[in-house]
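Okay, hi everyone. I'd like to walk you through one helix today and what sits around it. Let me put the structure up.

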Amino acid sequence: MIDMSLDKETILILDFGTQYLQLIARRVRELGVYSRVVSYSVSAEEVKSFSPCGIILSGSPSSVYCETGRSCDPKIFELGVPVLGICYGMQVMTRFFGGEVTPASNREYGRASIQLTDLGESSIFFASTPPVQNVWMSHGDHVTRVPEEFELLARSFGSPVCAVRHRSKPLFGLQFHPEVIHTDYGVDIFKNFVYGICGCQQNWTMHNFAELAVERFRNEIGGSDVICGLSGGVDSAVVAAILYRAIGRQLKCILVDNGLMRKGEVEAVIRMFRNHFDIELLVIDASSDFMGCLIGVEDPQEKRRRIGHCFIEVFSGAAKKFNNAKFLAQGTIYPDIIESGSSLDPKSDKPAATIKLHHNVGGLPEEMDFELVEPLRELFKDEVRKLGIELGLPVEFVGRHPFPGPGLAVRCLGEVTKEKLDRLREADAIVIEEIIKAEWYDKISQAFAVLLPVKSVGVMGDGRTYDDAIAIRCVKTDDFMTADWSELPDYLLRKISTRIINEVIGINRVVYDISSKPPATIEWE
């Protein structure tokens, strides 16, 4: 695996297990500064090796006074690097310096109002924020005694200590969560820490990333070929774009048509790549193989397993056509790394010799013996889209909604057949077409149709029908970890429903999914 540890100013985030980990990392990135997540167990020496401009200690579901409580290397506080402890992170820091943490008699979950206690020059941490402000709390423990070396910066009704700072060292702590959008001045607080205290200069841009990444890939890959599997999604397209800029025709792309893509998707991908890149593109029609492996299968997990296994066989056979290929490119992005836990090990970025298992390509067998190339493993989804634009990919392609790896198989509930897929494809195309016409596409994070495994009675003309039902799913979300259903205007829902029932043979009913995530998931399977 090619090392993508770029030379840049870095804010290091020590993860204690917070649910808001990705939000913290994203808030820093949005300020034009690179953030990197590592485990809370990282040593002070390993922290120094990253040369961070600042360190953030995350929250945690643990309690610092319990035997299972997690702590960091206390030598980190002696490095002279600014440290911000958030929630549990503040408790770890203040307890190390002699403060006291206890279970709160009045726990705080949700919105709370804090009062700043220090409005002088020493309160640079809260610069440009009002003396009373709304924040987001989520804690059962709190600091009840501030260490002697620290001073109190803010309090709330439920917490006597909401913010602290060391009197002589650049150490700061917050009981609330500035990374959550419900904290009114969270962005300002991050700016004050990242710019004012850590002295960062906003050098994390997709232009800089592209320039440095292209140079490094060109040097690392040399004269070998790289295989890239295209899925029709944004990630694989951007991977191909950056590698094409680095190595040109040494890039060999494979597009597996599994028969489970959206209407016109295969043709659109071929057209986009042929128009923008002079590369070898091998298109394999394996739709009959995939449909064959799904006969009689209704369980969603079994669908995924069989699709993944079939992909392995098809892709492995195609890869053998490229004798000079030494590398395999994948569209792994930073949330994949964080959620798998591999980035939390500070030693996890060492080059890997062979591929064993990876969800992005269905789990390729280790005997393929390629070195792994993951150009996007440092990036969040929004950064991938920005990079795509920087690399000249069409806006309409880069801005596409996410699409599940198993394709329409997990949107066709029950057994998958060609007839059902064709029906679903037509309905889905109408949904997207009407949402685009109404200029709602960019207001929605994901929109699609689902073919339900139920029939219902209807009336068309003077006749009775007994046909299938389509569900429409439209959601809005920042991170896809949680999501709310989108409140489409009545006229748009009416237009979509009318067109599907009139134009898609075999459908006589359309319903709209108004479930949020959680408790529902975005996809139905």
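I'll go through the helix, then its neighbours, then a serine in the loop before it.

Just so we're clear, this is a predicted model. The helix I mean is H14, residues 490–503. That's 14 residues, and from first C-alpha to last it reaches 20 Å, close to the 20 Å expected at 1.5 Å a residue.

So which residues of H14 are buried? They're Leu492, Ile496, Arg499 and Ile500. And yes, there's an arginine in that list. If you look down the axis of H14, the buried residues fall within an arc of 95 degrees, so they line one face of the helix. Remember, an α-helix has 3.6 residues a turn, so residues three or four places apart point the same way. Over on the other side of H14, you've got Asp490, Arg494 and Asn502, and those are exposed.

What do the buried residues of H14 pack against? Helix H13, 418–437, plus strands S16, 463–476, and S18, 507–512.

Let's take H13. Its axis and that of H14 come within 10 Å and cross at roughly 150 degrees, which makes H13 roughly antiparallel to H14. The crossing is right-handed. On the H13 side, the contact includes Ala427, Ile430 and Val431; H14 brings in Leu492, Lys495, Ile496, Arg499, Ile500 and Glu503.

Last bit: Ser486, in the loop between strand S17, 484–485, and H14. Buried or exposed? Ser486 is buried, with a relative accessible area of 2%. Leaving out residues up to four places away in sequence, Ser486 touches Ile444, Cys474, Val475, Lys476 and Tyr512.

Technical notes: Residues numbered from 1 in each chain as written. Predicted model: local features only at pLDDT ≥ 70, side-chain atom pairs only at ≥ 80, totals over all residues. Heavy atoms only, no water. Helix = DSSP H or I, 4+ residues; strand = E, 2+ residues; numbered from the N terminus. Expected span 1.5 Å × (residues − 1). Buried < 20%, exposed > 50% of the residue type's maximum accessible area, 1.4 Å probe, protein only. Arc of directions from axis to C-beta. Contact = heavy atoms within 4.5 Å. Axes fitted to C-alpha atoms, helices over the stretch in contact; angles between N-to-C directions. Parallel < 35°, antiparallel > 145°, perpendicular 65-115°, else oblique. Left-handed = near helix turned anticlockwise from the far one by under 90°.
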